[in-house]
Amino acid sequence: MDPVYCAQPKKKACAEKAIIVHEDEATFRQTPTLHQTWAPLHSQPRIPTKGQRNSQKILGAVCPATGKFIYRHQTEYFNAETYIAFLDEVLLPAFYRRHHRVYLIQDNASYHKKPEVYCWFAKNRKRIEVFQLPPYSPELNATEKVWWHTRKEATHNQYFDTPQQLCQALFSTFEQLQDDPAPLLSLVRAFS
């Protein structure tokens, strides 16, 4: 009897897709920032201030193709530990999908280059690949447009009596961008 040969089923070629995500950090201070605005002729607008230096720190990421924006608020300084927590707990759950690798674009903050961050990227290389922007090039990071929009809409020319009021203004602006990414898409479209 002749042997029976079974053809091995061909494995499906799994075309890996990628989603590009830009990440950045920003600090928003309770101290008011003056910015261009309308005012009567020869009358400079005045904004009260308490002179306090309370600040709120935000880690954020945006996908220029979809306008999807995510963020994490913290009060402590940015460091390797808080950055890894953001990547692990917020960024990957929001953007990673099976067979869709995340291409993360980040700036050259010192804590982005710590050994523990490199180790985290090595452990997660099947899900995420990191790309460094050239030094001193914020114009190449789409998340900078989110910060610009937030300052324009929420913090410029505004007085915040308490840190909670500043947080409320920030979170409200971020939620609007999450609910309706159209304004953000028009800002970040060039990055996709």
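This briefing describes the fold, the helices, the strands and the cores of one protein chain. The structure is a predicted model. Its secondary structure comes to 5 helices and 5 strands, and 39% of the 192 residues of the chain count as buried. The mean pLDDT of the chain is 86.

**Overall layout and confidence**

- Starting at the N terminus, the elements follow the order β-β-β-α-β-α-β-α-α-α.
- Among contacts in the chain with a separation of 6 or more, 74% are between residues 24 or more positions apart.
- A pLDDT of 70 or more is reached by 80% of the residues.
- Residues 1–14 have a pLDDT below 50. Beyond near neighbours in sequence, this stretch has 1 contact in the model.

**Strands around β4**

- Strand β4 covers residues 100–106.
- β4 is largely enclosed by the rest of the structure, because 5 of its 7 residues are buried.
- β4 pairs with β1 in the parallel sense, over 6 bridges.
- In this region, His100 of β4 stands opposite Lys17.
- β4 also pairs with β5 (residues 128–132) in the parallel sense, here over 5 bridges.
- Leu104 has Val130 of β5 as its bridge partner.

**Nonpolar cores**

- As a general tendency, nonpolar side chains in soluble globular proteins are buried together.
- The largest nonpolar core in this model has 25 residues. Leu91 and Phe95 have the most contacts inside this core.
- At least two residues of this core come from each of β1, β2, α1 (80–95), β4 and α2 (115–123).
- Helix α1 gives the most to this core, with 10 residues.
- A second, separate core has 19 residues, including Ala26, Phe69, Leu166 and Leu184.
- Not counting residues up to four places away in sequence, Leu91 touches Val21, Ala61, Ile70, Phe86, Tyr96, Val102, Leu104 and Ile128.

**Thr82 in helix α1**

- Thr82 lies in helix α1.
- Thr82 has a relative accessible area of 9%, so it counts as buried, the cut-off being under 20%.
- Apart from neighbours within four places in sequence, Thr82 is in contact with Gln74, Glu76 and Tyr77.

**Helix α3**

- α3 (143–155) has 13 residues and reaches 17 Å from its first C-alpha to its last. This span is close to the 18 Å expected at 1.5 Å a residue.
- The residues Thr143, Val146, Trp147, His149, Thr150, Ala154 and Thr155 of α3 are buried.
- Seen down the axis of α3, these buried residues fall within an arc of 165°, so they line one face of the helix.
- Elements that cover the buried residues of α3 include β1, β2, β3, α4 and α5.
- Thr150, which lies in α3, is buried at 0% relative accessibility.
- Leaving aside neighbours within four places in sequence, the contacts of Thr150 are Phe28, Thr155, Leu170, Thr173 and Phe174.
- Asn157 follows α3 and has a positive phi, near 60°.

**Helix α4**

- α4 covers residues 163–179, which makes 17 residues.
- From its first C-alpha to its last, α4 reaches 24 Å, close to the 24 Å expected at 1.5 Å a residue.
- Buried residues in α4 are Leu166, Cys167, Ala169, Leu170, Thr173, Phe174 and Leu177.
- These buried residues are on the same side of α4, because they cover an arc of only 160° around the axis.
- Gln164, Gln168, Gln176 and Asp179 are exposed on the other side of α4.
- The cover over the buried residues of α4 includes β1 (17–29), β2 (55–62), β3 (69–74), α3 and α5 (182–188).

**How α3 and α4 relate**

- Helix α4 is among the elements that cover the buried residues of α3, and α3 is among those that cover the buried residues of α4.
- Thr150 of α3 is in contact with Leu170, Thr173 and Phe174, and these three residues are among the buried ones of α4.
- Leu166, one of the buried residues of α4, is included in the second core.

How values were computed: Residues numbered from 1 in each chain as written. Heavy atoms only, no water. Helix = DSSP H or I, 4+ residues; strand = E, 2+ residues; numbered from the N terminus. Expected span 1.5 Å × (residues − 1). Buried < 20%, exposed > 50% of the residue type's maximum accessible area, 1.4 Å probe, protein only. Arc of directions from axis to C-beta. Contact = heavy atoms within 4.5 Å. Core = buried A, V, L, I, M, F, W, Y, C linked by side-chain atoms within 4.5 Å. pLDDT = per-residue confidence, 0-100. Pairing = 2+ DSSP bridges.
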